[in-house]
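Me: Please take me through one part of this structure closely. Keep the sentences short, and explain each term when you first use it.

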Amino acid sequence: MTKRITSFRISQYILVILAIILCATVLIWLIGRYVANRPGISDENVIQITNTDPCVQEITNIVSRMWAFDITSVPKKYLDMVSKYANATITERTTGACNNIKFTCEPGQTRIECDPCAFGSARQFAIQQQISDLTATRCNQPNAPTDIR
């Protein structure tokens, strides 16, 4: 007894294949969202080394360790940068998102009161500025500031 292939049977196969493709697409999309939103190391906590110069890499490592493990050795200039930014008074309404949390800062508020990433953003800016200043002075780069220890 041979099975006959009918148009109904062909349409069943096509529907099964489409259902498998749809399920695989949804599964890949869900995995992608989980990976993108998972807690852990975020981009703002990672210092990107874009220069392969050994001097710049060494400075980046030194400054990163300084901020991570020995905050007392960070020069006052950079700690003041963090404080100044985080405690700045907002002059106009600002909206944004931080780690998928929407926030709104109203005029008169300090940034740290309304922006959950104010301290982290200020800290990252100060770290990058310290790396930039130190590489300019210690790696013989132009426009070097002179008040870096």
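Reply: Start with a term. A residue is buried if its relative accessible area is under 20%, exposed if that area is over 50%, and partly exposed in between, using a 1.4 Å probe and protein chains only. Cys114 passes as buried, because its relative accessibility is 12%. Its partner, Cys105, has a relative accessibility of 1% and therefore counts as buried too.

Some ground rules come next. This is a predicted model, where local features need pLDDT of at least 70 and side-chain atom pairs count only at pLDDT 80 or more, while totals for chains, interfaces and linings use all residues. Residues are numbered from 1 along each chain as its sequence is written, and side-chain values use heavy atoms, with hydrogens and water left out.

Now the setting. The protein has five helices and two strands. Here helices (H or I, at least four residues) and strands (E, at least two) are DSSP runs, numbered from the N terminus. Along the sequence they come in the order α-α-α-β-β-α-α. Of the 149 residues in the protein, 23% are buried.

The part to look at is helix 5, with its packing partners and the links beside it. Helix 5 covers residues 118-138.

Take helix 2 first, residues 54-69. Its axis lies 9 Å from that of helix 5, and the two pack at about 140°. Helix 2 is therefore oblique to helix 5. Angles under 35 degrees count as roughly parallel, over 145 as roughly antiparallel, 65 to 115 as roughly perpendicular, and the rest as oblique. The axes are lines fitted to C-alpha atoms, for helices over the stretch in contact, and the angles run from 0 to 180 degrees between N-to-C directions. The crossing of helix 2 with helix 5 is right-handed. A crossing gets that name if the near helix is turned clockwise from the far one by less than a right angle, and is left-handed if anticlockwise.

Which residues in helix 2 and helix 5 meet? From helix 2 come Cys55, Val56, Ile59, Thr60, Val63, Met66, Trp67 and Ala68. From helix 5 come Arg123, Ala126, Ile127, Gln130, Ile131, Leu134, Thr135 and Arg138. The residues of this contact split into 11 nonpolar, three polar and two charged. Contact means heavy atoms within 4.5 Å. Ala, Val, Leu, Ile, Met, Phe, Trp, Tyr, Cys and Pro count as nonpolar; Asp, Glu, Lys and Arg as charged; the others, Gly among them, as polar.

Helix 3 (76-86) is the next partner. The axes of helix 3 and helix 5 come within 8 Å and cross at roughly 150°. That angle makes helix 3 roughly antiparallel to helix 5. This crossing is right-handed. On the helix 3 side, the residues are Lys77, Tyr78, Met81, Val82, Tyr85 and Ala86. They meet helix 5 residues including Ala118, Phe119, Ala122, Phe125, Gln129 and Asp133. The contact of helix 3 with helix 5 divides into 10 nonpolar, three polar and three charged residues.

Gln130 of helix 5 is in the contact with helix 2, and also in the contact with helix 3. Find Val74 as well, in the loop between helix 2 and helix 3. Val74 is 56 residues from Gln130 in sequence, yet their C-alpha atoms are 9.1 Å apart in space. Val74 counts as buried because its relative accessibility is 5%.

Now the start of helix 5. A disulfide is a covalent bond between the sulfur atoms of two cysteines. In this model it is taken as a pair of cysteine sulfur atoms within 2.5 Å. The structure holds two. In one, Cys98 and Cys117 have their sulfur atoms 1.3 Å apart. The torsion about their S-S bond is about 45°, so this disulfide is right-handed. Cys98 sits in strand 1 and Cys117 in the loop between helix 4 (111-114) and helix 5, so the pair ties together parts 19 residues apart in sequence. Both Cys98 and Cys117 are buried.

The other link joins Cys105 and Cys114, with sulfur atoms 2.0 Å apart. It is right-handed, at 105° about the S-S bond.

Last, look just past Cys98. Asn99 lies in the loop between strand 1 (94-98) and strand 2 (101-105). Most residues other than glycine have a negative phi. Asn99 has a positive phi near 50°. Asn99 is exposed, with a relative accessible area of 56%.
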